[in-house]
Amino acid sequence: MSDTTGKLVLPGYRRDDVDAHPPLLSPGYKSTVGRAPRQPLSYLPQRLTEITGPLLGEDRLGELDHDLTRQHEGEPLGQRIVVHGRVVDGDGRPVPHSLVEIWQANAAGRYRHAIDNWPAPLDPNFTGVGRTVTDAQGHYEFVTVQPGAYPWRNHDNAWRPAHIHFSLFGRAFTQRLVTQMYFPGDPLFFQDPIFNSVRDPQARERMVARYDHAATRPEWALAYQFDIVLRGREATPFEDEDTDDDE
């Protein structure tokens, strides 16, 4: 996979490729010091509850869940963007009917969250969360606004690059992968320990979306393509739920 395809490849939980997988303990990302497991992981058997539910299908979606710009009476501030792509397996086959959720900061770089209180404005017309289900060919699409960068107290003068969090489910909560999508050319990549915890530069670039001018909506929205590949030789990092960045 080239660095310009806009594809993200999500491997399984295994940590056998330490260059492509961010380690559970990344000292540069201070939160992992308290979150990373200190003992070997124990695998628990799936019981009836995990196998049979909850069901995460089309009937769980609202009409505007995929369009974060139309979920309120007014329009949110910021550059409108379309984020689209496909979810496929390691052999390139589409993964249909998979629940895809996103959450993000607003255009000023602030989350609608009780603990996010840095002095950037909240947008009353932007909640910052969305969900959709892939179609029969694995396609998904969101309409949202370009998120802003924001400061965090990980290190001196630390700023997170603009990003969108992605959560992918199968048909149950036990089938979940989490990652972040970044934007091309961001000047903050150099000092972000989450982005740089992926040691392989090629794998790191797979977390960066591709600007897709062909998919722009004239006089309305820019577009980015972000394909998601589950497992495979060209695996790109995902975030373990136990060490997921909440910001």
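This note goes through the fold, cores, annotated span, cavities and some loop residues of a predicted model.

1. Overall make-up. The chain has 247 residues, and 48% of them count as buried. Its secondary structure comes to four helices and 12 strands. Taking contacts between residues at least 6 apart in sequence, 72% join residues at least 24 apart.

2. Main core. The largest nonpolar core holds 21 residues, and those with the most contacts inside it are Tyr-140, Phe-166 and Met-181. At least two residues of this core come from each of β2 (80-89), β3 (99-103), β5 (139-145) and β8 (163-169). Apart from this core lies another, of 11 residues, which includes Ala-158, Phe-195, Val-198 and Val-208. As background, nonpolar side chains in soluble globular proteins tend to be buried together.

3. Surroundings of Tyr-140. What does Tyr-140 touch once its neighbours within four places in sequence are left aside? Its contacts are Val-83, His-84, Gly-85, Arg-86, Val-87, Thr-132, Thr-134, Phe-166, Phe-226 and Ile-228. Phe-166 also appears with Tyr-140 among the residues with the most contacts inside the largest nonpolar core.

4. Annotated span. An unreviewed UniProt entry lists residues 83-111 under "domain: Intradiol ring-cleavage dioxygenases". In the model this span is 0% helix and 41% strand, and its end C-alpha atoms lie 19 Å apart. The label comes from the UniProt record, and such annotations may be inferred rather than shown by experiment.

5. Cavities. There are two cavities of 30 Å³ or more in the structure. The second largest has a volume of about 30 Å³. Its lining is made up of Gln-104, Asn-106, Arg-110, Tyr-111, Arg-112, Leu-122, Asp-123, Phe-126 and Thr-127. By residue class, this lining divides into three nonpolar, three polar and three charged.

6. Pro-121. This proline lies in the loop between β3 and β4 (129-133). Is Pro-121 buried or exposed? Pro-121 counts as exposed because its relative accessible area is 55%, and the cut-off for exposed is over 50%. Not counting residues up to four places away in sequence, Pro-121 touches Asn-106, Ala-108 and Arg-110. Two of these contacts, Asn-106 and Arg-110, are also named in the lining of the second largest cavity. The C-alpha atoms of Pro-121 and Gly-109 are separated by 8.6 Å, with these positions 12 residues apart along the chain as counted by numbering.

7. Positive phi at His-97 and Glu-219. Most residues other than glycine have a negative phi. Two exceptions deserve a look in the model. His-97 has a positive phi of about 60° and is placed in the loop between β2 and β3. With a relative accessible area of 36%, His-97 is partly exposed. Glu-219 likewise has a positive phi of about 60°, and its place is in the loop between β10 (210-211) and β11 (222-225). Glu-219 counts as exposed because its relative accessibility is 83%, against a cut-off of over 50%.

8. Gly-92. The loop between β2 and β3 also holds Gly-92. This glycine counts as partly exposed, at 41% relative accessibility. Gly-92 and Leu-230 are 138 residues apart in sequence, yet their C-alpha atoms are 9.1 Å apart in space.

9. Tyr-29. Where does Tyr-29 sit? Its place is in the loop between β1 (7-10) and α1 (31-35). Tyr-29 counts as buried because its relative accessibility is 6%, and buried means under 20%. The C-alpha atoms of Tyr-29 and Ile-194 are separated by 6.3 Å, although the two residues are 165 apart along the chain.

10. Asp-59. This residue lies in the loop between α2 (48-52) and β2. At 66% relative accessibility, Asp-59 is exposed. Its C-alpha atom is 10.0 Å from that of Val-133, a residue 74 places away along the chain.

Key. Residues are numbered from 1 along each chain as its sequence is written. This is a predicted model: local features need pLDDT of at least 70, side-chain atom pairs count only at pLDDT 80 or more; totals for chains, interfaces and linings use all residues. Side-chain values use heavy atoms; hydrogens and water are left out. On a 1 Å grid over the protein atoms alone, a cavity is a set of points where a 1.4 Å probe fits but cannot get out, and a pocket is an open set with protein on both sides within 12 Å along at least five of seven lines; lining residues have an atom within 4 Å of a point. Grid points are joined across faces, edges and corners, and a volume is the space filled by probe spheres set on the points. Ala, Val, Leu, Ile, Met, Phe, Trp, Tyr, Cys and Pro count as nonpolar, Asp, Glu, Lys and Arg as charged, and the others, Gly among them, as polar. A nonpolar core is a set of buried Ala, Val, Leu, Ile, Met, Phe, Trp, Tyr and Cys residues joined through side-chain atoms within 4.5 Å. Buried means under 20% relative accessible area, exposed over 50%, partly exposed in between (1.4 Å probe, protein chains only). Contact means heavy atoms within 4.5 Å.
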